[in-house]
Amino acid sequence: MGGQEERRVSDPGQSEKRTRKTRWGIFLLIVGLAFVGDLALRLGPELSERRKFEPSLELTSPIALAALPVATRFDFPVGTEDGAMTYNAQPFSENLHLGDDLNGIGGENSDLGDPVF
């Protein structure tokens, strides 16, 4: 090999593959940037708004829960303290009803305005 220089023979298919990979890389970069830009435009205003604090959604600590008073008895919500003078006008699950309708003995809305215990 004395004075001869070695020539690198470049494969034309090799450079075409490199060009194709480069084009795909640029294409994927543009698609990714477009996606991130679209997300920023759609979610930006929502994420930058200052949220109002809702105290009812705050979790109570276990220590505060342990300090709460314990109920000693159950009081009926209508009628007298013992639940007298009321009846169940429409029981739970009757006619696909999902609750109990407790009415005063007078029927209908005769107990409207009575105190709730």
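**Exercise 1. Confidence along the chain**

Task: In this predicted model, find where in the chain confidence is lowest and where it is highest.

Solution: Begin with the chain as a whole, which averages a pLDDT of 77, with 77% of the residues scoring at least 70. Then turn to the individual elements: strand β1, residues 86-90, has the lowest confidence with a mean of 71, while helix α2, residues 62-66, has the highest at 89.

**Exercise 2. Elements, burial and contacts**

Task: State how many helices and strands there are in the chain, and what percentage of the residues count as buried.

Solution: The chain contains two helices and two strands, and when these are read along the sequence they follow the pattern α-α-β-β. For burial, the cut-off is a relative accessible area under 20%, and 4% of the 117 residues count as buried. The accessible surface of the chain comes to about 11400 Å², with 60% of that area belonging to carbon and sulfur atoms. As a last step, consider the contacts with a separation of 6 or more: residues 24 or more positions apart account for 17% of them.

**Exercise 3. Salt bridges**

Task: Search the whole structure for salt bridges, and work out how far apart the partners Arg20 and Glu16 are in helix α1.

Solution: The search of the whole structure returns two salt bridges.

- Step one takes the pair of Arg20 and Glu16, whose closest N and O atoms are 2.8 Å apart. Because these two residues are four positions apart in helix α1, about one helical turn separates them. Arg20 is partly exposed at 47% relative accessibility, and Glu16 is likewise partly exposed, at 46%.
- Step two takes the pair of Arg42 and Asp38, whose closest N and O atoms are 3.0 Å apart. Arg42 and Asp38 are also four residues apart in helix α1, and so about one helical turn lies between them. Here Arg42 counts as exposed at 61% relative accessibility, whereas Asp38, at 33%, counts as partly exposed.

**Exercise 4. The aromatic pair**

Task: Decide whether the rings of Trp24 and Phe27 are stacked or edge-to-face.

Solution: The structure holds one aromatic pair. The ring centres of Trp24 and Phe27 are 5.6 Å apart and the ring planes stand at 85°, so the pair is edge-to-face; the cut-off that this step needs is an angle over 60 degrees. Next, place the pair in the chain: Trp24 and Phe27 both belong to helix α1 and are three residues apart, which is about one turn of the helix. Finally, check accessibility, where Trp24 counts as exposed at 53% and Phe27 as partly exposed at 46%.

**Exercise 5. A nonpolar patch**

Task: Identify which residues make the nonpolar surface patch of about 500 Å², and settle whether Val36 is buried or exposed.

Solution: The patch is made by Phe35, Val36, Leu39, Leu43 and Leu47. Taking Val36 as the example, this residue lies in helix α1, which covers residues 12-48. Patch residues must have over 30% relative accessible area, and Val36, with a relative accessible area of 53%, satisfies this and is exposed.

Conventions:
Residues are numbered from 1 along each chain as its sequence is written. This is a predicted model: local features need pLDDT of at least 70, side-chain atom pairs count only at pLDDT 80 or more; totals for chains, interfaces and linings use all residues. Side-chain values use heavy atoms; hydrogens and water are left out. Patches are made of residues with over 30% relative accessible area and no salt bridge: like charges are joined within 9 Å, nonpolar side chains (Val, Leu, Ile, Met, Phe, Trp, Tyr) within 5 Å. Accessible areas come from the Shrake-Rupley method with a 1.4 Å probe; for residues, only the protein chains shown count as cover. A salt bridge is a side-chain nitrogen of Lys or Arg within 4 Å of a carboxyl oxygen of Asp or Glu. Buried means under 20% relative accessible area, exposed over 50%, partly exposed in between (1.4 Å probe, protein chains only). Contact means heavy atoms within 4.5 Å. Rings of Phe, Tyr and Trp (its six-membered ring) pair if their centres lie within 6.5 Å; planes under 30 degrees apart count as stacked, over 60 as edge-to-face and the rest as tilted. pLDDT is the predictor's confidence in each residue, from 0 to 100.
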